[in-house]
Amino acid sequence: MESSRSNNIVVKVFGSSVSYMRRWLFRALSVGAIPRHVAFILDGNRRYARKWNLGEGMGHRAGFLSLMTLMKYCYELGVKYVTIYAFSIDNFKRKPEEVQYVMDLMLEKIEGLLKEESIVNQYGVRVEFVGNLKLLSDPVRLAAERAMELTAKNSRAILLIAVAYTSTDEIAHAAQQSCLDKIQTRSGFCFGFAKADDDAITIRLGDVESHMYMGVAPDPDILVRTSGETRLSNFLLWQTSNSLLYSPRALWPEMGLRHLVWIVLNFQRVQPYLERRRKLLS
Amino acid sequence: MDQLKLIKLQKSVPPSNFRNPKLPPFQNQPRRQRMASLQLRLSFTPSPLKLRQQVPRRSLDLKLPPRALSSAIKAATVNGHPGEDALLKGTTAPAQFSGEDSVALPAGLRRESIPRHVAVIMDGNRRWARMRGFPVGSGYEAGVRALRRMVELCCKLGIKVLTVFAFSSDNWFRPKVEVDVLMALFDRGLREELQYLVSADVRISIMGDSSKLFNSLQALLANAMETTQNNSRLHLIVAVNYSGRSDVVQACQKLAVEVKDGLIEPEDINEFLVERELGTNCTDFPHPDLLIRTSGELRVSNFLLWQLAHTELYFTDSLWPDFGEDEFLQALSSFQERQRRYGC
């Protein structure tokens with residue numbers, strides 16, 4: 001009893017000293033620029049499960065734990081927007097059991113996020129689900145909408161979860177919505193007139209951007225894809241045109257503090273050039 | 001005043017066989033490769049006897065039996081296309097090799113893993129020139145020579161489409177003198193290389209908003225596209241004044257016009273319709289399998305946004321004028337090892 005209590009104290013002291021060192025490290029990093037928006041492609045969960053002989057689907061659970069850790073580090077560092085690629089429309093082509101498992105896991109975790117002691121309430125995070133939510137099953141979609149509603153008032157940080165998302169689908173949807181908007185605006189002006197309308201519909205960059213699912217956040221500064229693959233896999237193609245692309249070899253459940261520190265240092269190296277470019281083009 | 005500056009800049013561009021003796025050339029290349037590229041750069045008039053000796057040793061044609069190689073070179077001198085002219089330009093005419101049987105792959109590369117469409121962001125010309133103390137114009141000239149090497153390599157390896165990012169719509173913000181030098185280089189390069197493209201069976205297409213270019217350049221580009229329209233060995237797509245986002249927006253605009261004309265309903269707009277209107281609709285393989293960016297920058301820089309959905313990206317530290325056969329083969333072997341799952 002005594003020894004377990006003293007063990008607990010040791011663990012607490014050790015834990016708090018580690019977090020104290022981490023906060024000191026983040027303070028040192030904050031001397032340079034900190035990225036405003038970081039996007040992650042969570043690749044490598046299944047490979048992790050095979051590597052460590054975990055059961056089928058346990059890789060995704062391990063991935064969720066590492067997601068929570070990394071999110072915590074990002075918000076402590078001062079990153080305001082974090083986007084994660086949870087489920088792609090192309091992933092529906094996987095085995096039905098796997099898809100169902102991931103959907104159930106997502107439902108479970110969304111409900112977990114809304115609990116009192118979760119990271120969302122600790123850091124004041126607003127949760128947004130981006131993607132074609134109509135493709136999701138009803139329970140998952142309703143849980144997602146409820147999560148968005150309940151966290152709508154938080155504003156310290158924003159977590160964007162891309163579910164049933166592909167960038168090409170997002171752009172096509174934005175094009176469709178812009179067309180519909182322009183037609184409605186035009187017919188609104190012509191209400192009561194019977195003449196044929198000669199005005200052309202003009203779609204500009206701003207029109208397309210305003211109808212994107214990702215319109216709630218600025219463009220990512222860094223896109224991280226784990227497990228060493230260097231491809232975008234139809235994620236944020238529009239938004240990452242000037243973002244730093246980083247692909248560490250570590251699998252997603254293996255990502256940790258040192259990867260985040262390395263990412264931020266790489267970002268600080270190119271950030272002056274990107275900032276100059278942004279000022280020149282705007 | 002700008003005209004004077006331009007003339008001075010052009011005059012100060014060293015000739016293509018100039019090497020600054022103070023700086024070691026091509027610092028990040030091994031000596032053998034430097035000697036091979038030196039052979040290609042120096043202009044000389046060899047006799048038919050010398051031709052056999054001066055084929056670069058690290059050529060891709062190593063796998064061919066020596067008899068086939070020398071008879072092909074003899075054919076190059078005999079068939080009315082003077083071999084000397086071809087060597088003056090720096091290479092034998094690849095169109096003399098017939099069909100795919102003579103294309104020998106280097107050891108380690110499998111034919112089925114050669115990408116069909118390769119995209120390249122040709123970055124690092126100015127840095128290359130600055131490192132060697134040359135003016136920026138000669139960096140761009142060296143870049144054009146590297147592009148020529150790339151086109152030949154793609155022809156030899158059987159790659160179907162090569163897309164290159166020549167000029168971004170963001171590049172108009174560069175100094176005016178530099179932009180003028182670049183435009184003059186496009187003009188001169190295209191005039192000089194059109195004959196080569198025709199003989200090498202390469203089709204050239206231009207992607208991007210060419211209305212902002214000089215009228216003479218626009219006419220030249222249109223002529224080049226028309227002349228090479230029926231060539232089929234390699235499709236070279238040059239992106240000039242191109243921005244991936246503008247490409248997508250102009251596709252959406254075209255769809256909006258179709259909606260206004262009543263040809264389609266707004267609800268019918270889907271990915272297939274958008275892709276049909278993009279700049280890469282001139283080819284059957286609009287999606288690159290491999291994107292190569294030189295000079296070590298880890299960005300896509302607004303190039304081919306839509307089409308890069310499942311493209312393998314390859315970043316290399318070597319600068320574009322130094323990007324040669326070895327670096328390209330490294331990129332291809334890296335591509336070969338990747339497992340492409342397309343989201344599954």
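A disulfide is a pair of cysteine sulfur atoms within 2.5 Å. The model is predicted: local features need pLDDT of at least 70, side-chain atom pairs count only at pLDDT 80 or more, and totals for chains, interfaces and linings use all residues. Residues are numbered from 1 along each chain as its sequence is written, chains are lettered from A and ligands numbered from 1 in the order in which they are written, and side-chain values use heavy atoms, without hydrogens and water.

**Exercise 1.** Count the disulfides over all chains, then examine Cys252(B) and Cys282(B).

*Solution.*
1. The count is 0 over all chains.
2. For Cys252(B), the nearest cysteine sulfur belongs to Cys179(A), 7.4 Å away.
3. Cys252(B) is buried (under 20% relative accessible area, 1.4 Å probe, protein chains only), at 1%.
4. For Cys282(B), the nearest cysteine sulfur is that of Cys154(B), 16 Å away.
5. Cys282(B) is partly exposed (between 20% and 50%), at 27%.

**Exercise 2.** Lay out the sheet of chain B and find its edges.

*Solution.*
1. Strands are DSSP runs of E, at least two residues, numbered from the N terminus; two pair if DSSP finds at least two bridges between them.
2. The sheet is open, with 6 strands in the order 3-4-2-1-5-6 and parallel pairing.
3. Strand 3 (202-207) and strand 6 (312-315) of chain B each have a single partner strand, so one side of each lacks a neighbour in the sheet.
4. The twist averages 20° from one strand to the next.

**Exercise 3.** Describe how strand 5 of chain B joins strand 6 of chain B.

*Solution.*
1. Strand 5 covers residues 290-293 of chain B.
2. 4 bridges link strand 5 to strand 6 of chain B, and the two run parallel.
3. Arg293(B) stands opposite Phe315(B) in strand 6 of chain B.

Conventions: Axes fitted to C-alpha atoms, helices over the stretch in contact; angles between N-to-C directions.
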